[in-house]
Amino acid sequence: MTARLRAAALVAGLAMTGYGLFGLLDDPYITAPVDILVWAVGGLVLHDGLWVPLLCLVGAYAARGPVLRGWLVVAAAVTAVGLPAVLRADDDHGNPSVLPLPYLRNWLLVLAATAVLALLLGLVRRRRNPPVSRPERREDPS
Amino acid sequence: MPPPPEALRRGPFRAGTFRSPLHEPRTTVVLGRWLGAAVLVCFLTGLAGHLLQDPPAWLSGVLPARPVDGYRFTQGLHVVSGIAAIPLTGAKLWTVYPRLFEWPPARSVLHALERLGIAVLVAALLLELFTGLLNTLQWYPWPFPFRQTHFWLGWLATGGLLVHLAAKAPLIARNWRRPQASVPGRRAFLASVTAAVGAVTLTTAGQTVPWLRGLDLLAPRRPDIGSQGLPVNRTAAQAGTVTVPADWRLRVDGPQPYTLDLDDLARLPQHDAVLPIACVEGWSASARWTGVRLADLLALAGAPTGTAVRVTSLEADGPYRVMEMPAQYVDDPLTLLALRVNGETLNADHGFPARIIAPNRPGVLQTKWVARIEVVR
């Protein structure tokens, strides 16, 4: 049963991948599929070659403690989603209902609000488990 | 395979470079479950939206006009799950990141194929999330067309996901249930990722979820901002329809063709319909539309029920200038040729002098600036 399910997932996945590839190459509107390849590989290289190593270095050397790390995870997500709007805030192609909000202010507001929540969480944790003096321990990198 | 030369065992290739205990299968499986669910929801809702917007001939006659909010729901969910997938993808890829540097790079042909498959999956998923997010801002910095590329990459990413699940099935099964001993920091890490998903969802979902409107801080739309209190995707200025010709008449072509001016239309029985205007970009807003039932206009032209129509806009060009409407929408009593919205006469941005509004249809098919309605069969 499990083996059959596994085989079915494999076959369906390969078929869907093949269908997607065929579609990309066959679509009349996509005149240069190589452009998509360049962007896809470029994204992979930027993500795995630049962004994740940077993240690991920050995690290893700058971010101490679970609360600060947790807030950094939240801040990174909010930034990934919000930064494009911040960068494009004034570019609505003459349509005032596109990007109508003060995105820079809102982004900073969300960062600040989540930072305050993280700070409160950190204080609560400290009250519950007061820090005992212990030898300095290097945090695990990444 | 011989052991690797020492010269290559540097940086990330050196054993022990990644010391976090969270680079382990159980954390990956927990995140993978959430991400897999988000990707599948994205794929299915995207497919539903695609079929409603661009139906193949065999399907167009059977697409339902109900539920009224169907398209709004699927496309809202599409963008919500896509945005949630952004932090999930980041966290999931971080947990498996050390595997990128495993040695030897390929143990067998099958292993090499599996790694190639993962590269396709990750590349397609990253580009899919990136293009999808930027599309919601109407920002297209890439040289390829968005809609077609996004659609086909969706098949690649979801197919790649299924292959990945099949390949990793034993590992996933071993780590599906919570083990007795927990890895230090896992709970805090998963809580952080949950908080990140919550933060990006709460600050963007208000573009379509009414009770989250107050928290809509980062979404590219707010459903109450726009001319006449509603967003628009294409303004009259963008479509070149700011001024309507003085001799505008609605032309209805059927067995008994006729034309009507605005006063004639206003004298016909008027009906109200509370319907959402919903966009594939993830925003939607409900409004009370008032106008003439499309079915009444078709009856005046002598067309029997079960008739499909073609609606043509005044706009000079645009991919949705001509819209085909299958019979089930034409016959629906909620489908209107609307003249008013929320009690006001439609302004130019909302399609003055008249626009189509129908239940469970993509915004681009709610044709504005209607000039002609013709029976197609």
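This report describes a predicted model, taking in turn the annotated segments of chain A, a nonpolar surface patch and the enclosed cavities.

## Annotated segments of chain A

An unreviewed UniProt entry lists the feature "transmembrane region" for residues 7–25, 37–63, 70–87 and 107–124 of chain A. In the model, the segment 7–25 of chain A is 100% helix and 0% strand, with its end C-alpha atoms 27 Å apart. The segment 107–124 of chain A is likewise 100% helix and 0% strand, and 26 Å separates the C-alpha atoms at its ends.

## A nonpolar patch on the surface

On the surface, W51(A), L54(A), L55(A), V58(A), L68(A) and L72(A) together form a nonpolar patch, whose combined accessible area is about 490 Å². Two elements of chain A, α2 (33–61) and α3 (66–88), each give two or more residues to this patch, and the largest share, 4 residues, comes from α2(A).

L72(A), one of the patch residues, is placed in helix α3 of chain A. Its relative accessible area is 31%, so L72(A) counts as partly exposed, a class that lies between the limits of 20% for buried and 50% for exposed.

## Enclosed cavities

The structure holds 4 cavities of 30 Å³ or more, and the largest cavity encloses about 590 Å³ of space. Its lining is made up of 32 residues, among which C42(B), G46(B), H78(B), E128(B) and H150(B) lie nearest the centre of the cavity.

Several helices of chain B contribute to this lining, since α1 (25–53), α3 (70–96), α4 (109–136) and α5 (146–174) of that chain each supply at least two residues.

Conventions: Residues are numbered from 1 along each chain as its sequence is written. Chains are lettered from A and ligands numbered from 1 in the order in which they are written. This is a predicted model: local features need pLDDT of at least 70, side-chain atom pairs count only at pLDDT 80 or more; totals for chains, interfaces and linings use all residues. Side-chain values use heavy atoms; hydrogens and water are left out. UniProt positions are given in the numbering used here, feature names are shortened, and annotations may be inferred rather than shown by experiment. Patches are made of residues with over 30% relative accessible area and no salt bridge: like charges are joined within 9 Å, nonpolar side chains (Val, Leu, Ile, Met, Phe, Trp, Tyr) within 5 Å. Accessible areas come from the Shrake-Rupley method with a 1.4 Å probe; for residues, only the protein chains shown count as cover. A salt bridge is a side-chain nitrogen of Lys or Arg within 4 Å of a carboxyl oxygen of Asp or Glu. Buried means under 20% relative accessible area, exposed over 50%, partly exposed in between (1.4 Å probe, protein chains only). On a 1 Å grid over the protein atoms alone, a cavity is a set of points where a 1.4 Å probe fits but cannot get out, and a pocket is an open set with protein on both sides within 12 Å along at least five of seven lines; lining residues have an atom within 4 Å of a point. Grid points are joined across faces, edges and corners, and a volume is the space filled by probe spheres set on the points.
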